[in-house]
Amino acid sequence: MAISALTSDIPEIELTDISMRYSAASEVLAVQQVSLRIGKGEFVSLLGPSGCGKTTLLRLMADLLQPTEGTVAVSGQTAREARLARKYGIVFQSPVLYDWRKVRQNVMLPLEMTGMPKAERKARADELLELVGLSKFADQYPWQLSGGMQQRVAIARALSVEPEILLMDEPFSALDEFSRERLNEELLAIWSKVGSTVIFVTHSIPEAVFLSDRVCVLSPHPGRLSAVVDIPLPRPRTREMRGSEEFWRLVADIRDSFEEV
């Protein structure tokens with residue numbers, strides 16, 4: 001399968017020969033010699049089976065873990081410098097919302113930590129809740145919302161600091177297929193407006209194809225980058241594309257790449 005090359009001279013994110021070992025009763029090699037360049041404004045999915053190192057790779061990009069070998073650069077900075085400069089927004093598999101804070105207050109939380117004045121925090125939170133279609137739920141508590149709505153709150157919160165990079169770790173995996181497909185469409189609508197670079201972890205091949213500019217295929221444990229597949233489907237992506245011959249050809253090609261590993 002063809003491996004695509006990024007043409008930009010200065011990537012937003014550059015991984016160079018990244019390896020990660022976890023020391024336990026016995027040493028576990030989670031990620032092995034991964035090199036990848038991601039351009040500004042790209043939507044890139046990390047795809048692979050459970051345990052292949054997708055989340056580890058995402059956490060290395062976010063400076064939540066430090067690699068055993070190799071380097072992570074973000075616009076020419078280290079991952080730590082990028083994190084301290086608040087270049088990241090992160091959405092986890094679970095929304096991780098505070099049940100005792102109303103929806104608006106959850107979105108405002110990162111802004112409180114930056115010291116932004118209260119009126120500005122509220123205005124920014126209300127703007128983001130409108131963006132994710134939850135304006136009328138601003139004064140509700142998270143436990144009063146569906147799982148999909150809670151994840152939209154988590155996305156709004158991640159976007160509150162206007163991050164250059166949005167890191168998403170299987171954010172829709174706990175949802176039913178109908179909700180998941182709808183949120184895929186909503187996520188692309190949000191991305192088209194904010195313009196952040198998105199790194200999206202998933203084990204769903206159709207989801208990766210529908211969302212991405214490129215799909216990075218990771219091999220089973222230890223995780224190695226076995227292919228980087230361009231997704232030439234036009235944007236904006238539509239629901240009808242899921243039934244197209246080209247869509248399912250891409251799904252089949254990526255599925256075949258796992259069998260070749």
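Helix 4, formed by residues 118-131, contains 14 residues and spans 20 Å between its first and last C-alpha atoms, close to the 20 Å expected at 1.5 Å a residue. The model described here is predicted. Five positions of helix 4 are listed as buried, namely R121, R124, A125, L128 and L129. Viewed down the helix axis, these buried residues fall within an arc of 135 degrees, so they line one face of helix 4. The partners of that buried set are helix 3 (103-114) and helix 5 (147-159), against which the buried residues of helix 4 pack. On the other side of helix 4, A119 and E130 are exposed. After the helix comes G133, which has a positive phi, near 75 degrees.

**The chain as a whole**

Helix 4 belongs to a chain with eight helices and ten strands. For 261 residues, a compact globule would have a radius of gyration near 18 Å, and the chain agrees with this at 18 Å. Along the principal axes, the C-alpha atoms of the chain fill a box of roughly 55 × 40 × 40 Å. Of the 261 residues, 49% are buried. Contacts in the chain often link distant parts of the sequence: among those between residues at least 6 apart, 69% join residues at least 24 apart. The chain has an accessible surface of about 12,400 Å², and carbon and sulfur atoms account for 51% of that area.

**Cysteines**

The structure contains zero disulfides. C52 takes part in none, and the nearest cysteine sulfur, that of C216, lies 11 Å away. Why does the sulfur of C216 form no bond with that of C52? The sulfur of C216 is 11 Å from the sulfur of C52, its closest cysteine sulfur, and this is too far for a bond. For comparison with that distance, a disulfide requires the two cysteine sulfur atoms to be within 2.5 Å. Both cysteines can also be described by their accessibility: C52 counts as buried at 1% relative accessibility, and C216 counts as buried at 0%.

**Backbone features in loops**

Three loops hold backbone features that merit description. In the loop between strand 10 (225-230) and helix 8 (245-260) lies P236. The peptide bond from R235 to P236 is cis, with omega near 0 degrees.

The other two loops each contain a residue with positive phi. D63, which is not a glycine, has a positive phi of about 65 degrees. This residue is located in the loop between helix 1 (54-61) and strand 4 (69-74). E170 is likewise not a glycine and has a positive phi of about 45 degrees. Its loop runs between strand 7 (165-169) and helix 6 (177-194).

Are D63 and E170 buried or exposed? D63 is buried, with a relative accessible area of 11%, and E170 also counts as buried, at 12% relative accessibility. These values lie under the 20% limit that defines a buried residue. The table sets out the two residues.

| Residue | Phi | Relative accessible area |
|---|---|---|
| D63 | about 65 degrees | 11% |
| E170 | about 45 degrees | 12% |

Conventions: Residues numbered from 1 in each chain as written. Predicted model: local features only at pLDDT ≥ 70, side-chain atom pairs only at ≥ 80, totals over all residues. Heavy atoms only, no water. Helix = DSSP H or I, 4+ residues; strand = E, 2+ residues; numbered from the N terminus. Expected span 1.5 Å × (residues − 1). Buried < 20%, exposed > 50% of the residue type's maximum accessible area, 1.4 Å probe, protein only. Arc of directions from axis to C-beta. Contact = heavy atoms within 4.5 Å. Rg over C-alpha atoms; globule rule 2.2 N^0.38 Å. Areas by Shrake-Rupley, 256 points an atom, 1.4 Å probe, with all protein chains shown as cover.
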